[in-house]
Amino acid sequence: ERLVEEARRRQVVVLTHDLVFVSYLKERAEQLGVQLHGQALERRHHDVGVVSPDLPWEARSPMERARALRHELKAKLKPLYKGDDPRYGSEAQRWRLELRKAYERMIEVYVLGATVERQAHNIRVRNLHDVRWTPELAREIDAAMKELAGGAHEEPLGRQPAPPSPARLEALLERF
C-alpha cells in the first residue's frame, strides 16, 4: 500500500519476480486510481531478457489478455496459416490454451466478482454481492472451455482433429 501511496506523488519503480506482489500492486493502484505501467522481461525461444511492453501473462486482466490474443492472432497466427507454415498447429494449440487461461481469470474476476482469486491472500466476502453466476452463463463457459480443450484430454494424440482455422479462433475470441 505504501508503494502505491508514494506513486501518487512521484514515480515508483518496482522490480520483482513475485507475481502475487504484482497482483496486490495492481489491485491497490486500481482502488486508488493510480495509473500503473508494467513491463516484463521474458524468455522467447533462445533469447532471454526480451522486453515486453506489458505485464507478464499471469498478471494481466481478462481484457488485457483478450487484446493480446487478438493481436497475436492477427500478427502471428494468420500469417503462419496463410503461409501453410507447419508451426501453425502448435501455435494455434498454445493460443487456445492461453484463451482457456483467460477464461479462468475471467471467471475469478467477473463471474465470481473477485471474491476468490488464486493470487489473493484472503477471500473477499464483501464481493459476494458482485457474483454474476447464472446456470446459462455456467453452460456457456463450460461449452467454450470444452471447445478450447479440443479433445486434448479425451482423444489419443494421433486422433486429434486438425487445428482450427484463424477464423474459428477469432470466433472463439469473440465468444469470450
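Here are some notes on this predicted model, meant for someone meeting it for the first time.

1. Start with the main core. The largest nonpolar core has 22 residues, and the ones with the most contacts inside it are L77, W95, L99, Y103, L169, L173 and F176. Four helices, α3, α4 (88–111), α5 and α6, each supply at least two residues of this core. Of these, α4 gives the most, with 8 residues.

2. Y103 is a good place to click if you want to see how that core is put together. Setting aside neighbours within four places in sequence, Y103 is in contact with I141, A144, M145, L148, L172, R175 and F176. There is also a second, separate core, this one of 5 residues, including V4, L25, A29 and V34.

3. Next, have a look at α5, which runs over residues 135–149. How far apart are the end C-alpha atoms of α5? They are 21 Å apart, and this agrees with the 21 Å that its 15 residues should span at 1.5 Å a residue.

4. The two sides of α5 are worth viewing end-on. I141, A144, M145, L148 and A149 are buried. They cover an arc of only 140 degrees around the axis, so they sit on the same side of α5. Those buried residues pack against α4 and α6. Turned away from the buried side is a face that carries the exposed residues E136, R139 and K146.

5. Still on α5, the side chains of D142 and K146 meet in a salt bridge, 3.4 Å from N to O. Both residues lie in this helix, 4 residues apart, about one turn. As a general point, an α-helix has 3.6 residues a turn, so residues three or four places apart point the same way. Is each partner buried or exposed? D142 is partly exposed, with a relative accessible area of 39%, while K146 is exposed, at 56%.

6. On charges overall, the structure holds 21 salt bridges. Some of the charged residues join up: E27, R105, E108, E117 and R124 are linked in a network of salt bridges.

7. Which salt bridge ties α1 to α2? That one is formed by the side chains of E5 and R28, at 3.9 Å from N to O. It links distant parts of the chain, with E5 in helix α1 (residues 2–7) and R28 in helix α2 (residues 19–32), 23 residues apart. E5 is partly exposed, with a relative accessible area of 26%.

8. Another long-range pair is E170 and K78, whose side chains meet in a salt bridge at 3.3 Å, N to O. Here E170 is in helix α6 and K78 in helix α3 (residues 62–82), 92 residues apart along the chain. Both ends are partly exposed: E170 has a relative accessible area of 30% and K78 has 25%.

9. Finally, a residue outside the helices. S165 lies in the loop between α5 and α6, the latter covering 166–175. S165 is partly exposed, with a relative accessible area of 23%. What does S165 touch, leaving aside its neighbours within four places in sequence? It is in contact with Y81 and Y88. As for its distance from A138, which is 27 residues away along the chain, the C-alpha atoms of the two are separated by 26 Å.

Technical notes: Residues are numbered from 1 along each chain as its sequence is written. This is a predicted model: local features need pLDDT of at least 70, side-chain atom pairs count only at pLDDT 80 or more; totals for chains, interfaces and linings use all residues. Side-chain values use heavy atoms; hydrogens and water are left out. Buried means under 20% relative accessible area, exposed over 50%, partly exposed in between (1.4 Å probe, protein chains only). Contact means heavy atoms within 4.5 Å. A salt bridge is a side-chain nitrogen of Lys or Arg within 4 Å of a carboxyl oxygen of Asp or Glu. A nonpolar core is a set of buried Ala, Val, Leu, Ile, Met, Phe, Trp, Tyr and Cys residues joined through side-chain atoms within 4.5 Å. The expected span of a helix is 1.5 Å times one less than its number of residues. The arc is that of the directions from the helix axis to the C-beta atoms.
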